[in-house]
Amino acid sequence: MSQARHPMAGPVWNLGRLNHVAVAVPDLEKATAFYKNVLGAQVSEVVPLPEHGVSVVFVSLENTKVELLHPLGSNSPIAGFLKKNEAGGMHHICIEVDNINEAVMDLKKQKIRTLTEEAKTGAHGKPVIFLHPKDCGGVLVELEQA
């Protein structure tokens with residue numbers, strides 16, 4: 001599958017495929033059971049990511065994944081999200097890029113804010129960075145190195 005070219009990007013980075021849709025859940029065990037037992041999806045084990053303040057479970061679909069997010073620790077950003085959205089809900093989308101460092105530099109030149117200065121290691125062991133939802137049509141966008 002070919003990658004889509006970012007229309008504003010120079011020749012240094014390209015936008016890739018949708019990696020996952022992340023859903024914040026108040027009860028990780030219950031949400032995991034729903035996808036596994038009711039829908040029949042393959043689900044991963046729980047993966048704690050203390051550096052991001054979350055525990056995650058990946059639900060594998062034919063063309064992408066759903067990432068179930070649950071708070072881990074007292075400073076979890078997901079805890080704040082769940083205070084505002086007690087039933088849970090869509091948290092962010094993740095799109096792959098072929099050169100995350102060039103993408104970040106280019107997007108910052110275009111006045112797109114990031115939530116951290118630099119990319120961090122994400123759940124897949126690859127660099128990720130989040131783009132500010134106010135600069136992305138109200139959607140929290142995660143970019144992940146392909």
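## Close-up views of a predicted model

**View 1. Leu39 is exposed, with a relative accessible area of 52%.** This is a predicted model, and the same goes for each view below. To find Leu39, look in the loop between helix H1 (28-38) and strand E2 (42-43). Leu39 has company here: together with Phe34 and Val38, Leu39 makes a nonpolar surface patch of about 290 Å². For this residue, the label "exposed" rests on a cut-off of over 50% relative accessible area, and Leu39 reaches 52%.

**View 2. The whole protein chain has 3 helices and 9 strands.** Starting at the N terminus, you can trace the elements in the order β-α-β-β-β-β-α-β-α-β-β-β. The radius of gyration is 16 Å, close to the 15 Å that the globule rule gives for 146 residues, so the protein chain is as compact as a globular protein of that length. Along its principal axes, the C-alpha trace spans about 45 × 35 × 25 Å.

**View 3. Burial, contacts and surface of the protein chain.** How much of the chain counts as buried? The share is 40% of the 146 residues. Turning to contacts between residues at least 6 apart in sequence, 54% of them join residues at least 24 apart. The accessible surface comes to about 8500 Å², and carbon and sulfur atoms account for 55% of that area.

**View 4. Cys94 and Cys136 with no disulfide to show.** A disulfide is a covalent bond between the sulfur atoms of two cysteines. How many does the structure hold? The count is 0. Cys94 is in no disulfide, and the nearest cysteine sulfur, that of Cys136, is 13 Å away. Why is there no bond from Cys136 to Cys94? The two sulfur atoms are 13 Å apart, and Cys94 holds the closest cysteine sulfur to Cys136, so the gap is too far for a bond; the cut-off for a disulfide is 2.5 Å between sulfur atoms. While you are zoomed in, note that Cys94 is buried, with a relative accessible area of 0%.

**View 5. Lys111 has a positive phi in a loop.** Phi of Lys111 is near 70°, a positive value in a residue other than glycine. Is Lys111 buried or exposed? Lys111 is exposed, with a relative accessible area of 68%. You will find Lys111 in the loop between helix H3 (100-109) and strand E7 (120-121).

Terms used. Residues are numbered from 1 along each chain as its sequence is written. This is a predicted model: local features need pLDDT of at least 70, side-chain atom pairs count only at pLDDT 80 or more; totals for chains, interfaces and linings use all residues. Side-chain values use heavy atoms; hydrogens and water are left out. Patches are made of residues with over 30% relative accessible area and no salt bridge: like charges are joined within 9 Å, nonpolar side chains (Val, Leu, Ile, Met, Phe, Trp, Tyr) within 5 Å. Accessible areas come from the Shrake-Rupley method with a 1.4 Å probe; for residues, only the protein chains shown count as cover. A salt bridge is a side-chain nitrogen of Lys or Arg within 4 Å of a carboxyl oxygen of Asp or Glu. Helices (H or I, at least four residues) and strands (E, at least two) are DSSP runs, numbered from the N terminus. Buried means under 20% relative accessible area, exposed over 50%, partly exposed in between (1.4 Å probe, protein chains only). The radius of gyration is taken over C-alpha atoms; the globule rule is 2.2 Å times the number of residues to the power 0.38. Contact means heavy atoms within 4.5 Å.
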